[in-house]
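Student: Please take one part of this model and examine it closely. I would value a connected account rather than a list.

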Amino acid sequence: MTQSAAAGQILVEDGPDIPEPAAVPSRRRRVGRVLQDVIGGVIVLWGAATLTFLAVHLMPGNPAVSYAGGVASHPSKSVLAAIIKEYGLDRPVIVQYLVYLSNLLHGNLGYSVSEQMPVSQVIALNVGPTAELTLGSLVLAWVLAVVWSLLTVRRGRIISSIGSGLEVLAASLPQYWLGIILLEVFAFHLGIFPATGGSGLQGLVLPCFTLAIPIAGFLGQVTREEFESALEQPYITSAKARGMSDWGVRLRHALRHAVLPGVTLSGWALGSLISGAVIVESLFSRNGLGNALLQGVTQQDMPLTIGVVLIVAVVYVVATILVDILYQVVDPRLRSAGQ
Amino acid sequence: MPPAEQRNNALMTVTNVSSAIDQQPGIVRLGGRARGLSPGIVLAWLVVAFLVISVAWPGLIAREAPLAVDPAHPLQGPSLSHLFGTDQSGRDVFSRVVYGARESLSIGVAATGVGLAIAIVLGFAAGLGGRWADTVISRFLEVLFSFPSLLLALLFVAMFGAGVGSLIIAVGIGSAPGYARMIRGQVIAVRNAPYVEAAKVLGHPPLRIMANSIFPNAMRPLLVLGTLGIGQSIVWASALSFLGLGAAPPAPEWGAMLAAGRDFISSAWWLEFFPGAVIVATALAATALGRHLQRRLEGRLA
Amino acid sequence: MTGPMQHDQDLLTASGQPGKNLLTATDLRVCFGSGPLAREVVAGISFGVRPGECLAIVGQSGSGKSVTARTLIGLTGDGSQVSGRLEFDGHDLATLTERQWRSIRGARIGFILQDALVSLDAVRPVGREIAEPLRLHHYGRAADRRARVIELLRQVGVPEPEMRSRQLPGELSGGLRQRALIATAIALDPQLLIADEPTTALDVTIQAQILGLLEESKRRGRALIVISHDLAVVSRLADRVAVMRDGLIVEQGPTAELLGHPQHPYTQSLLDAIPSAHSRGTHLSDSSGKARAPAVLSARPGGLAAQAPLLVADGLVKRYKGPDGKVRTVVDKVSFELHRGETVGVVGESGSGKTTTGRIVLAVTSPDEGEVRLHGQPWTSLSEGQRRARRQHVGVVYQDPLSSFDPRWTVRRILSDALPAGYANASRAARIRELLHQVGLGDDTLDRRPLLLSGGQRQRVAIARALAPEPEIIVCDEPVSALDVSIQAQVLDLFADLQDELGLSYIFISHDLGVIHHMSDRVVVMTHGRIVEQGDAEAIFRHPAHPYTQRLLASLPQLSLQPELSGREPAYDRSA
């Protein structure tokens, strides 16, 4: 602790005799940072794989049976024997673990009994629709949150409290309920959008809003708080003292500061969107990873469940790295040598 | 989850502002509004009162038994005799919602308790156990974070099967990493606080500093965290029930009621709307009260 | 290049003749809130400033000086009502629309806030910040603006302006940053420049450079209004001074006259409260200038030095690994002694290693080399368990007392916790009261939390806590830096009285030369982790030997520019 305190002190060190730190363009440090992120991500994925391995082996009952689709699927002796051979289940646990890891590294996620095809194939079939849904929702959530903040932060007490009240409400809406309301109103009563499936964009609107609104509520709350504190900072007063208008300081100065914490939340938001995708895909009868996962869980199809969970972990790790890079773009302070 | 982190940041922001205000005697402290009863807080307390009565004396407000079927009046819309309408077997939805409070709230509270208990152990071990323990636990939490919480819960359900018991543990495990990270941060912040150093300079032994300063201050946000968490747990638990992985119909549990109503989604909106609205109201009340509590604690304690 | 010149011409013809006020405020009032909650922050003040003149508005926090400054550019804030008359170059500012205000701000009135670190947008290059007023007021084309930015940076003395203009505020040193901020304000060469605490966060040597810049602008015929809490800082710059208190100007007049012959008792008390050479050995907080007991300061019996020192720091070295992986030596071969009953002042600018030195003495940071001995016994080289029993001998008072108190505790609990074991309940309560009275607090503070106390009261509680175990040494790390000058005076007096009463020894760490000179028997001057000079306080301040000390003292703002008028002797010998 003393270390960090004193390190902070060095940073502000400012004697007149010290030559200015040369502003080395720190591309190397940036690459190093990304590399560090990637190594960290690999460690996390290894941990995730280990955890799922433990999950199967801690489960009550015979691992071979769970790989074969659970007790309910009544696997035959020959199927079990094949599985025992494939996963090396007759060998010591450590060997089983290594076989498991090596299978994963070769992209072999096992065979899904409920879908009657390799897990990797199930995932390949389902990854597209889910990516469409979650990425669309993430963009929509950001647009909603930023526009809402720009319009309602510090606009007098009434508008501001309506703004923040709606954000809290939006953040508390469970996706299943919000989806039902949207379905009820826009599909069954007004008939504007299809209730299930639907082609292209038309069918994507309701699921996207269902997913995006609660996330927008969260992002909006964080953005609002940052926005408010940014608008109170001296650099805003300075900008106004140079003759800048209210909209000018909002767009040119405060907005960038306000979205920063939200950007760090984007990794989490993506995870939350994937959670939400399980519900939304089920509700709107869409194909996707969420539905595949739900099927894996309800049918006790362990290879499918674990396969999807691991893919989500990969997505999360990649997203975290991307967010870190994005953050450096939005906040130039991290790119500079001084920090 | 980052919302916890976000709360943490909010906590720090508020603290900074209050200390900044404090340094300028010319500015009147703006504590009044936070301490007063805003309409939102009044509403939140009303929801709590409704829930307490539903849990303790459901018979006072519910006119019918939650499982009493009335085949003559299935799928009736909301009316004066059936405030929230009736379901496919003619059961009164309002009565079911009232009676359901007991189970749904128990699940939420129990799941929050499970999550916090795991988190306290991990958070304190990481915060106080030295560099090695901190590294291992932080990495472990990172691994857990790579599974979104609903997925973590689903994985648990996949392992141990559906049901109320495994639902509670699943939601608890799903929420634990977020709490744990928050508690770890708080423990480290308190451990490094100048007042802990001041106690060290006074010559107090480590155990005394731990008991008098570190532990009570590190536990301070737990009440707020728990209050905020109950709302979230209820929402998650009902989501799992909605997916058919929790309490089974026809039990009067909110999530299970939602699951059962899905078959009538295009014809009987009230089957989905009212149980969901009660869940949202409960979650909102928990959030509002949690924040209110947070502001009050900070106002008093800086 | 024609752009700025032409601009100058326009402004020269537009601005009034010398001798006539450029800005006149008459019965200016600012009120926040409405109804019964309304508070009048500025309660009817009148002043004016002429071209080429500098008016300083001086006051402590809460006096209304900053609100006054913001009112002059129409940025008083939400929920405020301004009344009275404000005339700028013939215009009545009260009648301006927001759009008209915007055309004046930045173009004809420039505004400089304190601390450029927070007054410049941290995520935008400084060049863009400087170009902003140019862009807003339609100055030339993009290329002209870029050229003007470079010219401005050169004008405010920023080396390598092309490279600097592309850097973020966080990449510049404090001095360069403040220069860049000034460049944003003078970009369009406004007739009036308002500076709100322009040097408060800066080290003295940089402070002197910034004041020089502002002086330059005054010489070029621009009017200047400087807001400050520090009389000494503005006395160098200001032609006239207005002293504000509780929203009113209690006294205003030409600088030399006001400093030399203050008419109002408040001005007098402010002047008395400033610690410096003249105040050594006297009380600051009452006008009697009561002398402390003799033999306390400097003129100590020579026998003292013959005694064994209470504490010895011997060759302390501390290194830290910076964020870039480079190892920096924060404390470099620091050695000094502390005798019973004396004060050793450790002075240096930010980053000089003085705080780390204090922390090593406190044994909360362990040195990489060297050691501190207490009573001739090992101190820093002990294990924490061995040291614990002896910790009662060394106490601490921090700059920010609030964070050093457990937020859940009342004053009673804080003091009770600090008492050594072995007090029975009754004597414990009595001892807590005694401690409170010793630091000048009443029993009514016992059950309050520090959050609800004022800054001065908090620091008194912190001192009481340090006294509780009856220490011999107290390490004081910038203990008065966050306090207003009159409160600072009271706390410094308290330190002095306690020393006389209890025979305490202080290690007094501060960046403030005046405070150090006032308090210390011996002085240690640090820069870049090294001690450049140490010795008797009077000798060092009179005849600094090391060039760094000389520069430090030369940068120090002097209260009285014309000693013959003020009747005070010059504080420091600058010829040395």
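**A sheet and a buried strand residue in chain C**

Tutor: C:Phe32 has C:Arg39, a residue of strand 2 of chain C, as its bridge partner. The model is a predicted one, and every statement here should be read accordingly. The pairing of C:Phe32 with C:Arg39 belongs to a wider arrangement: strand 1 of chain C, residues 23–32, is joined to strand 2 of chain C by eight bridges, and the two run antiparallel. These two strands are part of an open sheet of four strands in chain C, whose order is 2-1-4-5 and whose pairing is antiparallel. Strand 2 (39–49) and strand 5 (91–92) of chain C lie at the edges; each has a single partner strand, so one side of each has no neighbour in the sheet.

Elsewhere in chain C, strand 7 spans residues 192–196 and includes C:Ile194. C:Ile194 counts as buried because 27 other C-beta atoms lie within 10 Å, where the cut-off for burial is 20 or more. Leaving aside residues up to four places away in sequence, C:Ile194 touches C:Ala69, C:Leu72, C:Ile73, C:Ile109, C:Phe111 and C:Ile225. C:Leu231 is 37 residues from C:Ile194 along the chain, and their C-alpha atoms are 17 Å apart.

For a helical counterpart, turn to chain A. Helix 6 of chain A, residues 119–152, contains 34 residues and spans 47 Å from first to last C-alpha, close to the expected 50 Å. This helix has a kink of about 35° at A:Val127, shortly before the proline A:Pro129. Just after helix 6 of chain A, A:Arg154 adopts a positive phi of about 55°.

How values were computed
Residues are numbered from 1 along each chain as its sequence is written. Chains are lettered from A and ligands numbered from 1 in the order in which they are written. This is a predicted model: local features need pLDDT of at least 70, side-chain atom pairs count only at pLDDT 80 or more; totals for chains, interfaces and linings use all residues. The expected span of a helix is 1.5 Å times one less than its number of residues. The bend at a residue is the angle between axes fitted to the seven residues ending there and the seven starting there. A residue is buried if 20 or more other C-beta atoms lie within 10 Å of its own, exposed if 12 or fewer, and partly exposed in between; C-beta atoms are placed from the backbone. Two residues are in contact if their C-beta atoms, placed from the backbone, lie within 7 Å. Two strands pair if DSSP finds at least two bridges between them.
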